Amino acid sequence: MRRPGAVVAGMALAMWLGFAGEAGAQGKPIKIGVPQAMTGAVGWAGVTSTRAAQLAADEINAKGGINGRKLEIVVRDDEHNPTKHVAAVRELVEKESVSVLFGPTASTAGLAVAPILNDELHVPMILPYSAATEIVWNKAWQDKKPNFLYRYGMFDSGQAKALVEFATKKLKKTKFAIVVENSGWGEGGRVEMAKTLKEMNLTPVAEEKFNFKDTDLTAQLGRAQRAGADTLLFYGQVAEATAMLRSMAKTGYRPTVVSAWGIANAQFWSNAKELGEGVYVLTTATPDGPQSKPRQAFVEEFERRHGKGSITTFPGAIHSYDIVKLIEIAIRKSGSDDPGKIRDGLEDIPTFKGLLRDFNRPVFTRDRHDALLPEDLLMTKWSNGQMLPVE
Amino acid sequence: MVFFLQLVISGAAVGSIYGLVAVGYSITYTTVKVLNFSQGQFVMLGAMIGLTFHVWWSWPLLPAIAASILVLVALTLLVERVSVRPFLSAESMSWVLSTLAIGIIAENVAQLVWGREALPFPAAIRDQPIRWRGMGIYPQELLIIGASCALMAALDLFYGRTVAGKALRATAHDFDVASLMGIDVKAMVSVSFAISSALAAVGGILVAPITLAESTMGNILGLKAFAVAIIGGLDSPRGIFVCAVAYGVFEALCAGYIYPGIRDTLGFLLVILVLLFRPSGIFGRAQIEKV
């Protein structure tokens with residue numbers, strides 16, 4: 001009995017020594033927490049985000065990491081649920097001691113977690129997905145207190161504005177029907193678009209809502225048509241957008257459709273097919289049309305790892321990749337993985353060449369935590385299965 | 001007028017979808033006084049299994065329907081054996097919970113097997129709307145209205161005119177007496193579940209081109225179908241069809257003339273009102289419990 005005991009003790013000691021040696025301040029990994037939906041209806045978004053983040057981290061680690069320390073991506077499934085998201089964030093910060101966080105897939109989760117990060121946990125979070133304006137332009141920002149939320153992606157105030165400006169200025173339309181899904185996101189879009197129209201002294205001729213899983217939108221469309229709308233400003237997802245286009249084909253009412261980014265994915269075309277032809281959709285980036293060299297390299301590497309067509313959301317993937325690169329720069333600049341220092345570092349990036357775009361301005365400033373401006377958003381048009389940029 | 005007629009047409013098409021799903025509730029209820037609360041999910045499974053045969057493996061439609069019916073019936077018989085029969089013989093109401101649980105399991109399994117996205121399902125017939133004077137309907141929708149109507153009529157005849165149908169209803173009336181009359185009660189329970197799942201398979205394949213095949217498609221379908229089954233009268237297939245179409249038209253008119261957001265509120269309010277005045281549904285026979 002004695003001998004095995006001694007062996008175990010010896011092994012434990014050796015392991016402890018070995019581990020302690022590796023876990024010195026020098027070699028300890030820097031952790032990035034990714035609390036997003038990995039399962040459920042939008043699980044594909046979290047999975048793609050994680051894979052892109054891991055790809056960026058692997059690139060950095062292959063070059064020796066940051067000052068000899070490796071980046072580690074720590075994933076939690078929040079199931080697109082605000083309560084679970086808050087719990088996951090707490091666990092990541094308190095148990096895993098992550099230095100910085102990715103934002104959630106759900107806007108409601110972002111709204112729930114923002115005050116907790118600002119008032120209590122003080123760890124920066126960068127959002128690749130959730131677009132609700134108030135997540136980033138939150139109470140701490142209003143009160144001029146430290147704001148730990150940053151966004152590198154689509155944002156609703158800019159989205160609504162860009163949709164309305166495109167429809168009024170480029171398409172020269174005036175008779176709008178706002179058609180949105182019955183959700184927090186849809187309602188937010190409706191309010192912002194109506195507000196922007198009002199600023200231009202325009203009023204939508206109709207405002208219509210539909211529910212998830214609605215298969216027939218002839219009622220909403222008929223109301224829009226009777227009100228004389230020639231353009232629909234649309235917030236919705238693939239299934240309902242398809243139902244709407246099919247309903248249009250029934251009656252032959254075919255207004256111009258200008259849509260938020262809910263249908264900026266290949267899934268839309270495989271459902272709507274030719275009916276989707278000519279639909280305008282706003283996005284941050286499109287995988288179709290000519291691409292830059294770094295983007296081509298990224299897509300190639302991603303698909304080599306996970307298979308062809310595995311990038312379920314192109315914008316989501318490149319946002320996530322760029323976010324890890326921004327974190328790298330922030331840590332190098334501030335020379336520390338302390339969450340507060342990373343926050344300072346993020347606001348000290350004067351220019352940045354990302355997959356998304358080249359920034360010839362600071363990515364974030366103390367006062368502006370949205371990386372993109374309304375004019376950075378990209379209007380595309382569905383044509384023959386491709387989302388091509390509109391000149 | 002065109003707007004009104006279009007709403008009626010669209011509503012009737014949507015209502016027939018509810019009716020097609022609702023008939024499943026009716027069958028098990030009429031025969032063994034059990035409601036299969038996973039009916040919506042069974043329709044979803046029908047659509048998914050049909051999709052596997054028809055789209056993934058490129059089988060022609062009719063063999064794919066037949067195969068889906070076989071698979072789903074086999075699955076249902078198994079489910080009935082483990083989640084309904086034990087409670088029925090114990091005269092317990094726990095089948096309510098167990099059928100709900102089966103629905104949740106079905107949905108999760110479907111997510112694992114077929115993924116979480118809405119999958120397109122090709123229409124059985126030409127997928128171009130038939131249009132006339134600014135109104136329109138898809139041939140698939142006409143097919144659903146027709147199939148729904150035909151199924152209900154067939155069931156009405158089956159219950160009223162055939163020995164097997166009468167045996168099923170006798171079973172519902174009283175297990176013990178039916179059993180004494182030489183009716184194999186257990187077999188009747190199995191038969192009723194088999195018929196309802198066969199119809200779910202057909203229903204799933206018929207509605208999927210309109211609703212898209214999706215793991216969560218059963219939720220709303222199951223709920224709305226339950227509502228129309230209750231209004232129509234669970235024991236009256238004819239009543240369910242009439243009320244399903246009427247309910248769909250009512251929804252469409254509410255959405256068209258009042259406000260789309262108020263549709264479900266008014267719809268379910270109507271259900272409560274009907275139940276208040278006709279607890280057995282508009283076409284249902286009043287339950288008289290003789291003591």
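Colleague: What makes the link from A:His319 to A:Pro128 a polar contact?

Modeller: The side chain of A:His319 reaches the backbone oxygen of A:Pro128 at 2.9 Å. A polar contact is a pair of N or O atoms within 3.5 Å (within protein, one must be able to donate a hydrogen and the other to accept it, and residues adjacent in sequence count only if both atoms are side-chain atoms). The 2.9 Å is within 3.5 Å, so the name applies. Mind you, this is a predicted model: local features need pLDDT of at least 70, side-chain atom pairs count only at pLDDT 80 or more, and totals for chains, interfaces and linings use all residues. As for bookkeeping, residues are numbered from 1 along each chain as its sequence is written, chains are lettered from A and ligands numbered from 1 in the order in which they are written, and side-chain values use heavy atoms, with hydrogens and water left out.

Colleague: Why is A:His319 called buried?

Modeller: Buried means under 20% relative accessible area, exposed means over 50%, and partly exposed is in between (1.4 Å probe, protein chains only). A:His319 has 0%, so it is buried. The residue lies in helix α13 (residues 314–334) of chain A. Among the residues it touches are A:Tyr152, A:Trp261 and A:Leu356, where contact means heavy atoms within 4.5 Å.

Colleague: And what makes A:Asp376 buried?

Modeller: Its relative accessibility is 10%, and that is under 20%, so A:Asp376 counts as buried. You'll find A:Asp376 in the loop between β12 (358–359) and β13 (378–383) of chain A; helices (H or I, at least four residues) and strands (E, at least two) are DSSP runs, numbered from the N terminus. A polar contact of 3.4 Å joins the side chains of A:Asp376 and A:Arg357.

Colleague: How do you know that the span of helix α10 of chain A agrees with its number of residues?

Modeller: The expected span is 1.5 Å times one less than the number of residues. For the 14 residues of α10(A), residues 238–251, that gives 20 Å, and the end C-alpha atoms are 21 Å apart, which agrees. Also, 14 of the 14 residues are buried, so α10(A) is largely enclosed by the rest of the structure. A:Gly252 follows, with a positive phi near 80 degrees.

Colleague: Why is the pair A:Glu120 and A:Arg90 called a salt bridge?

Modeller: A salt bridge is a side-chain nitrogen of Lys or Arg within 4 Å of a carboxyl oxygen of Asp or Glu. The N to O distance for A:Glu120 and A:Arg90 is 2.8 Å, so the pair passes the 4 Å cut-off. A:Glu120 is in helix α4 (residues 107–121) and A:Arg90 in helix α3 (residues 82–94) of chain A, so the pair ties together parts 30 residues apart in sequence. A:Glu120 is partly exposed at 42%, and A:Arg90 is partly exposed at 26%.

Colleague: Which elements does the salt bridge of A:Arg223 and A:Glu208 tie together?

Modeller: The closest N and O atoms of A:Arg223 and A:Glu208 are 2.9 Å apart. A:Arg223 lies in helix α9 (residues 218–226) and A:Glu208 in strand β7 (residues 206–210) of chain A, so the bridge ties together parts 15 residues apart in sequence. A:Arg223 and A:Glu208 are both buried. Over all chains there are 36 salt bridges, and one network links A:Asp214, B:Lys224, B:Glu251, B:Arg263 and B:Asp264.

Colleague: What makes up the nonpolar patch on the surface?

Modeller: B:Met1, B:Phe4, B:Leu5, B:Tyr257, B:Ile258 and B:Tyr259 form it, with about 580 Å² of accessible area together. The elements giving two or more residues are α1 (2–32) and α11 (237–258) of chain B. Patches take residues with over 30% relative accessible area and no salt bridge (like charges joined within 9 Å, nonpolar side chains, that is Val, Leu, Ile, Met, Phe, Trp and Tyr, within 5 Å), and areas come from the Shrake-Rupley method with a 1.4 Å probe, only the protein chains shown counting as cover for residues. B:Met1 has 70%, which is over 30%, so it clears that accessibility cut-off. At over 50%, B:Met1 is also exposed.

Colleague: Why is B:Ser58 called exposed?

Modeller: Its relative accessible area is 57%, over the 50% cut-off, so B:Ser58 is exposed. B:Ser58 sits in the loop between α2 and α3 (61–83) of chain B, and its phi is positive, near 55 degrees, in a residue other than glycine.

Methods: Lists of a residue's contacts leave out its neighbours within four places in sequence.
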